[in-house]
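Colleague: I am new to this protein and would love a close look at one part of it. Could you pick a single strand and walk me through its surroundings?

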Amino acid sequence: MLRKSIVSLAVTSSLVFGMTAAYAAANPSDHAFDNKIVKRIKVDNIYKTIELLSKEPRVAGTPAEDKAVEYIAKQFKSFGYNTEIQPFEMFQYTSPTTVELSVDGFVDTDFAPDSFTYGANGDVTGELVYIGLGGPDDVDGLDLSGKVALVKRGSYTFAEKILNAAGAGAEAVILFNNTSGGINGTLGEPSDGYVPAVAIGRDLGEQLADRLAAGEGLTAHVKIAGAKVERQTSHNVIATKKPNPNKDTGQIVIVGAHHDSVEGGPGANDDASGTATVLELARVLSNMPIDTELRFITFGAEENGLVGSYAYAESLTEDEIDRIVAQFQMDMVGSRDAGELIMYTVDGEKNIVTDLGAAAGARLSGVVNYGQEGRSDHVPFAELGIPSALFIHAPVEPWYHTPEDTIDKISKDKLQQVAEIVGAAVYQIARPDTPALKNARVAPKPVDYEFEERELE
Ligand SMILES: [Zn+2]
């Protein structure tokens with residue numbers, strides 16, 4: 001799971017209401033279908049895969065990730081899946097070691113300048129010019145050659161402001177806040193068009209702007225050194241099984257997890273647990289009759305900002321997006337020290353994935369609640385309008401993202417429960433007797449269960 005601080009797609013907390021939904025009784029034959037899945041699941045397979053994958057951290061773009069990717073692909077192939085390794089580019093940014101700003105006439109002032117993620121290095125001294133919000137109109141006709149642009153936050157992205165100023169010839173940019181506090185900003189991606197830029201607080205920025213407006217000439221000195229952008233390649237592993245062409249509803253269901261881990265963390269639970277469960281469900285479903293295309297995917301670079309799942313989502317055609325009826329994401333599904341199983345959607349609303357999960361839970365082991373949370377690979381799918389949900393135990397264990405995320409803290413009971421619920425839910429759509437969800441608009445019928453919204457802690 002992605003740590004909170006690098007989630008730019010802020011999922012705001014909403015009012016939480018207790019919800020109760022009563023549904024018609026389950027079709028008794030659903031239990032028989034569940035059993036086909038449940039009796040095939042071998043939790044020792046999942047456990048052994050976690051043990052193997054968590055021998056070392058699997059940081060995206062490193063040889064350790066490559067090794068995991070090869071192992072996963074080999075497993076998928078051995079189950080008879082059409083298997084693709086999908087490469088994608090990512091950037092590793094190293095923050096600068098030096099970030100300095102001084103302005104003549106502000107002798108003892110500590111501007112406490114901050115840098116921007118993906119910002120450029122440089123050492124610039126030049127006349128300070130205030131260009132307002134730094135939009136295209138603000139720089140239109142200006143010649144800022146050799147100058148340092150002072151820009152206020154707002155209306156445009158940081159990157160747009162810097163590129164606009166640089167386009168007019170500015171050699172550096174000082175960006176000040178429009179509210180109290182500091183700016184912990186990112187430019188989103190690297191660009192050769194950037195000039196060195198620093199961020200400062202509102203009060204000092206307004207003082208600079210006021211003195212320039214009063215006709216005073218100010219010279220600024222901006223220095224940024226040590227920043228580094230490295231281009232790296234990470235990979236998704238995609239295993240596909242198509243239904244018999246005579247019984248093809250045209251639907252696609254995706255079951256995903258992320259195989260990368262954070263630096264220094266062996267990631268037994270985060271997310272070797274989800275990856276290993278994806279592999280086991282792929283094995284279990286490999287010989288089952290289906291009328292729905294199944295895609296089992298392990299994503300790379302989740303911990304770098306959902307980079308792999310965004311790359312995969314971007315690679316989908318409109319036709320595929322239309323046909324994907326559900327995406328199940330399993331992230332951190334085996335910790336002995338985490339809370340209960342919860343299904344999280346990006347908008348906090350239940351959908352076909354949570355309905356199927358809750359129904360399977362009710363048939364197999366009890367209530368599964370839902371709540372609102374992003375922070376994993378279900379987000380890019382939700383943004384495409386695809387019903388998706390994150391299956392995770394919450395609250396998460398204390399050693400999440402630490403070297404202590406190791407195999408000894410993995411619970412086979414937790415793994416078994418998640419594998420059964422997700423496996424049964426997937427099979428309820430994928431098996432040939434259930435009508436196509438889209439065409440018939442028939443949601444499988446859960447037994448009575450209560451939905452309660454939960455926040456991830
Ligand atoms: Zn994580």
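Modeller: Gladly! Let's take strand 10 and begin with its two faces, both of which are covered. On one side sit Ile252, Ile254, Gly256 and His258, on the other Val253, Val255 and Ala257, and all of them are buried. Put as a count, 7 of the 7 residues in strand 10, which spans residues 252–258, are buried. Please keep in mind that this is a predicted model.

Now look at what lies alongside. Strand 10 runs parallel to strand 11 (residues 293–299), and 7 bridges join the two. To get from strand 10 to strand 11, the chain passes through helix 7 (residues 268–285), and this β-α-β crossover is right-handed. Strand 10 also pairs with strand 12 (residues 324–330), again in the parallel sense, over 5 bridges.

Val253 is a handy residue for finding your way here. Its bridge partner in strand 11 is Leu294, while in strand 12 the bridge partner of Val253 is Ala326.

Finally, let's step back to the whole chain. It is divided into domain 1, made of 4–92 and 231–454, and domain 2, which covers 96–226. The centres of domain 1 and domain 2, taken over C-alpha atoms, are separated by 44 Å.

Notes
Residues are numbered from 1 along each chain as its sequence is written. This is a predicted model: local features need pLDDT of at least 70, side-chain atom pairs count only at pLDDT 80 or more; totals for chains, interfaces and linings use all residues. Side-chain values use heavy atoms; hydrogens and water are left out. Domain bounds come from an automatic or database domain assignment. Buried means under 20% relative accessible area, exposed over 50%, partly exposed in between (1.4 Å probe, protein chains only). Helices (H or I, at least four residues) and strands (E, at least two) are DSSP runs, numbered from the N terminus. Two strands pair if DSSP finds at least two bridges between them. A crossover is right-handed if, with the strands pointing away from the viewer, the path from the first strand over the helix to the second runs clockwise.
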